[in-house]
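User: I would like to go through how the two chains in this model meet. Could you explain the terms as we go?

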There are 2 protein chains.
Amino acid sequence: MVYKKVGNQSVIFSEKPLIRGRGTVVGQKEGEGPLAKNFDIILDDDMYGEKSWEKAESKMLKEAMMKAVNRAGITEKDIDVMLSGDLLNQLMSSSFMARDLHIPFLGLYGACSTMTESLVLGSMLIDGGFAKNVLVGASSHFCTAERQFRMPVEHGNQRPPSAQWTATAAGGVVVSSASDVALCSSAGQNRIRVESATVGKVIDAGIKDANQMGAAMAPAAVDTLLNHLEDTQRSLDYYDLVATGDLGFIGKDIMMDLLAGAGLNKKMIFSHYDDCGTMLFTKEQDVHGGGSGCGCSACVFAGHLLKEMEQGKIKKLLLMSTGAMLSTISPFQGESIPGIAHAVSLEVE
Amino acid sequence: MVYKKVGNQSVIFSEKPLIRGRGTVVGQKEGEGPLAKNFDIILDDDMYGEKSWEKAESKMLKEAMMKAVNRAGITEKDIDVMLSGDLLNQLMSSSFMARDLHIPFLGLYGACSTMTESLVLGSMLIDGGFAKNVLVGASSHFCTAERQFRMPVEHGNQRPPSAQWTATAAGGVVVSSASDVALCSSAGQNRIRVESATVGKVIDAGIKDANQMGAAMAPAAVDTLLNHLEDTQRSLDYYDLVATGDLGFIGKDIMMDLLAGAGLNKKMIFSHYDDCGTMLFTKEQDVHGGGSGCGCSACVFAGHLLKEMEQGKIKKLLLMSTGAMLSTISPFQGESIPGIAHAVSLEVE
């Protein structure tokens, strides 16, 4: 057996699992943002023809997953196992999606870090020889998140400028084994492989303000990134792009300050680092602190970043979805909001 | 690379990960049941010195995890990654446990199937060469579950006879790589290896009554078991014991009927099948339908079943924790309660 762990928290895949398919479904607002042309389905109505927002989110995830399967040129029957999660209590979106798709299912909860959590575990299942095709994904919905974590949307309550906008978005990705390599090359597209991964720790910076999610998550992202770079003996500019999940405008600034404080070159940080939460929306879209939610990095990754890789514009990517461990009752019990971030590196073949 | 999948849903581990340590913490009522002598810590007070039930549950999980690490003869620093989950919204117990233990963490949600979900994934991480020591576990608490899913405990509302009793219990297990084999033999104890696993599908039998969890989960358990037996070409009596997670008294009867209906020998079912939810409590303990919750199979497995294996009383075990995909709001939106079950087979060396 090949032992694949390097350093304290990272693994380097020996078989380098392939990204075989990808699919995205986003809401109306996300479809008016700068990345609109990269998404497969843009909703006219965030209810998506369903009777509740929760059912709409579940349907979005299902459609994104199915789109990824279709683009991979396979069917649900070819998927060995599916891993996904969302922000809803008891993973309502993922659970009912999994019921409808009837594929062996492992539910994950990593708050907004779920896209990379599913990608880390899915790639491990491929690289370890447990599956040939794995379907991974994550979703979030502005209205389901607002009413679960904050206020009934109908209140129309005022949000502070630091509050982030939960993306109404879902992303799905098919990860496949290298032995299926012949099947994975679309005409004129680069083939993308999962190269390494770093599992993050829960880091508590003591933030207690649920409207400061970026500040709560940035220290975890810094911890995971520095550990990843140390474990793999790489410099930040090894990657064309390091993308955090949903730190938003404020969290991104904190991240850059913390990285500079850790001794990283500021110019290098500016030219190699960005945050999906700042890429999904423009500031003019009135999203305050920027995008957030599992669906934020899920759709930016599966819609935009993987497309950039297919086209060779990005050759080496480190995706680090970021999550805030905020329960619906933990703040009332005096708990702070710890963060977590998992990293996955991908490279064009 | 060795391809480890067999049949449709199962894998057979090539390195056969070792069970290196196990730990359990249970509540007062669980400590008065027939398995009391097998648990490491029995609480006098289910608040466990904390200010809330949620904090108590998180502490129970942490202590069970630490007990498993201690019994394995290692420290937290030797654990490469930790996988766990619970029933609380946003995995409050696991998240804060992971913050305190400061070990790379992957959160899981599989309702009450989480113990086997964590064991399946943890064993895959070991067998795939991604880690040398993995810590897996799950927890539940009667009071946190009652107030989240049902009624404020203080109401003292009447429960129908079919309602199950969420176990106040936590279980943790250290799974390790075979290359550490020399370290894993305690005097006079059998060594236990994880042999195979089956990832379950979400199965919806259309049950809508949240007081009939056993009925909601039994069809998923039957589906996973029949798939496991077919994939591995085994008969039920290949195992000394097949143990479902928390079907309880009613669910167990349904399971036995369904298995008999599927053509399995009734006598064989009687002598080789049991349910952790019927083992944890006696009927005299006023638990109505029997035990349930992630902690039910977690503590019965880590406390009782693994001990029986160490002592050679059980040589081949199939553990199948069972989960009901019930959200706090899904029933109000007209959804039924689908079930899921994952299976892990273990054998004495």
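Analyst: Happy to! The area buried between chain A and chain B is about 5400 Å², and carbon and sulfur atoms give 64% of that. Met1(A), Gln90(A) and Phe130(A) supply 15% of the area that chain A buries against chain B, more than any other three residues. Buried area here is the accessible area (1.4 Å probe) that two parts lose on being put together, summed over both. This is a predicted model, where local features need pLDDT of at least 70 and side-chain atom pairs count only at pLDDT 80 or more, while totals for chains, interfaces and linings use all residues. Residues are numbered from 1 along each chain as its sequence is written, chains are lettered from A and ligands numbered from 1 in the order in which they are written, and side-chain values use heavy atoms, with hydrogens and water left out.

User: What makes the relation of chain A to chain B that of a two-fold axis?

Analyst: A turn of 180 degrees with a shift of 0.0 Å along the axis lays chain A on chain B with an RMSD of 0.0 Å. That is the relation of a two-fold axis. The superposition is by least squares on the C-alpha atoms of residues with pLDDT of at least 70 in both copies.

User: How do you know that the copies meet through the same surface?

Analyst: Contact means heavy atoms within 4.5 Å, and it takes 65 residues from chain A and 63 residues from chain B. Of the interface residues of chain A, 97% are also interface residues in chain B, so the copies meet through the same surface.

User: Why is the pair Arg99(A) and Glu335(B) called a salt bridge?

Analyst: The term needs a side-chain nitrogen of Lys or Arg within 4 Å of a carboxyl oxygen of Asp or Glu. Arg99(A) and Glu335(B) meet at 3.3 Å, N to O, so the pair fits the rule. Across the interface of chain A and chain B the rule finds eight salt bridges.

User: Why is Asn89(B) counted as buried?

Analyst: Buried means under 20% relative accessible area, exposed over 50%, and partly exposed in between (1.4 Å probe, protein chains only). Asn89(B) has 9% relative accessibility, so this residue counts as buried. Asn89(B) touches residues including Asn89(A), Gln90(A) and Ser327(A).

User: What joins the side chains of Asn89(B) and Gln90(A)?

Analyst: A polar contact of 2.8 Å. The term covers a pair of N or O atoms within 3.5 Å; within protein, one must be able to donate a hydrogen and the other to accept it, and residues adjacent in sequence count only if both atoms are side-chain atoms.

Terms used
Lists of a residue's contacts leave out its neighbours within four places in sequence.
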